[in-house]
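Student: I'd like a close look at one helix here, and then how the surroundings fit together. Could you walk me through it?

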Amino acid sequence: MVTGRFAPSPSGRMHLGNVFAAMMAWLSVRSADGELLLRIEDLDPDRCRPEYAAQLREDLRWLGLDWDREGQAQSLRGEFYRQQLETLERQGLIYPCYCTRGELHAASAPHASDGTPIYAGTCRRLTEAERREKTKKPAWRLCVPDRVIGFDDLLQGHYEENLRQECGDFIVRRSDGVFAYQLAVVADDAAMGVTQVVRGRDLLGSTPRQIWLQQCLGLPTSEYLHVPLLLSPEGRRLSKRDRDLDLGLLRQRLRPEELLGVLAHAAGILEKPEPVSAAELACCYDRTLLRREDCVISEIFYKNF
Ligand SMILES: [Zn+2]
């Protein structure tokens, strides 16, 4: 049986793009008679709030996107993540990094396709004596191999990356003690029995890192399906910061069936943006209909808000 998940971050009200990703995860699981897990990804204490998590659950129910069980929220799982780090440490796979932001973002540093600097491995080469001299609290990085790690995405096709050359050793715990998203998501998905991950295409590039983490921790690799992103009429990615068509706004004007119809049309599932319930969509969902390319939300729809 397929087990999929919603894994929203309670850092604000869901926007149209978040609703789209949630609907796609729900459809992929429900159309296969699978099981859905909800997990609140509230690792970052500066950005996440419990009242947003409550609102998320309420918004998903309003949309008719139900779930079968809820996993423990990430903010409560520090001890579990510490154990995962220990597993990596025992294998000599992680090391402390004392680099400052300025050093990492130096103009001379090569940058990955997503704009983040590729880590050159500076602190990997420090001796024990050199580490003892440091006064700064370190971040922890995972060593990556100089080989290609690839996978076959259910929608985007084959994707691969040489982690050493295209990413560098990456952070699994920040210097302020917060566990990195990559570590938490991989450990939680495996512990909670998730076998299928459906999420936005912006996370396609972090999948090879997550597969490497799965290999280091001895965990199975799930299926992946990366859905297109929704773009504003000017071609900009929707974001919570810009308060792009958040669900508060959308709920004032639309019934859930109308909203799902617009999104299912954008996904390629419906020929016209006509009202449809989540249950009706699950019956006509067919993965081969899905479009791969990012989708611009029509000006007409946008102007109504
Ligand atoms: Zn460093």
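Student: Which residues of α10 are buried?

Tutor: Before the list, a word on the model: it is predicted, so local features need pLDDT of at least 70 and side-chain atom pairs count only at pLDDT 80 or more, while totals for chains, interfaces and linings use all residues. Residues are numbered from 1 along each chain as its sequence is written.

Now the helix. The buried residues of α10 are Pro256, Leu259, Leu260, Gly261, Val262, Leu263, Ala264, Ala266 and Ala267. Buried here means that 20 or more other C-beta atoms, placed from the backbone, lie within 10 Å of the residue's own (exposed is 12 or fewer, partly exposed is in between). That's nine of 12 residues, so α10 counts as mostly covered. Helices are DSSP runs of H or I with at least four residues, strands are runs of E with at least two, and both are numbered from the N terminus. From first C-alpha to last, α10 reaches 16 Å, close to the 16 Å expected at 1.5 Å a residue; that expected span is 1.5 Å times one less than the number of residues. Just past the helix, Gly268 takes a positive phi of about 100°.

What does α10 pack into? Leu263 is among the residues with the most contacts inside the largest nonpolar core, along with Val19, Phe20, Ala22, Met23 and Met24, and that core has 47 residues. A nonpolar core is a set of buried Ala, Val, Leu, Ile, Met, Phe, Trp, Tyr and Cys residues joined through C-beta atoms within 7 Å. Besides α10 (256-267), the elements that each supply at least two residues include α1 (16-30), β2 (35-38), α2 (50-63) and α9 (247-253). The largest share, 11 residues, comes from α1.

Val19 ties a few of these pieces together: leaving out residues up to four places away in sequence, Val19 touches Met14, Leu63, Leu247 and Leu263. Contact means C-beta atoms, placed from the backbone, within 7 Å. There's also a second, separate core of 25 residues, which includes Leu183, Val186, Trp212 and Cys216.

Stepping back, the chain is divided into domain 1 (3-76 + 228-303) and domain 2 (92-184), with bounds from an automatic or database domain assignment. Their centres, taken over C-alpha atoms, are 31 Å apart. Six residues from domain 1 and seven residues from domain 2 make the contact.

Methods: Contact = placed C-beta atoms within 7 Å.
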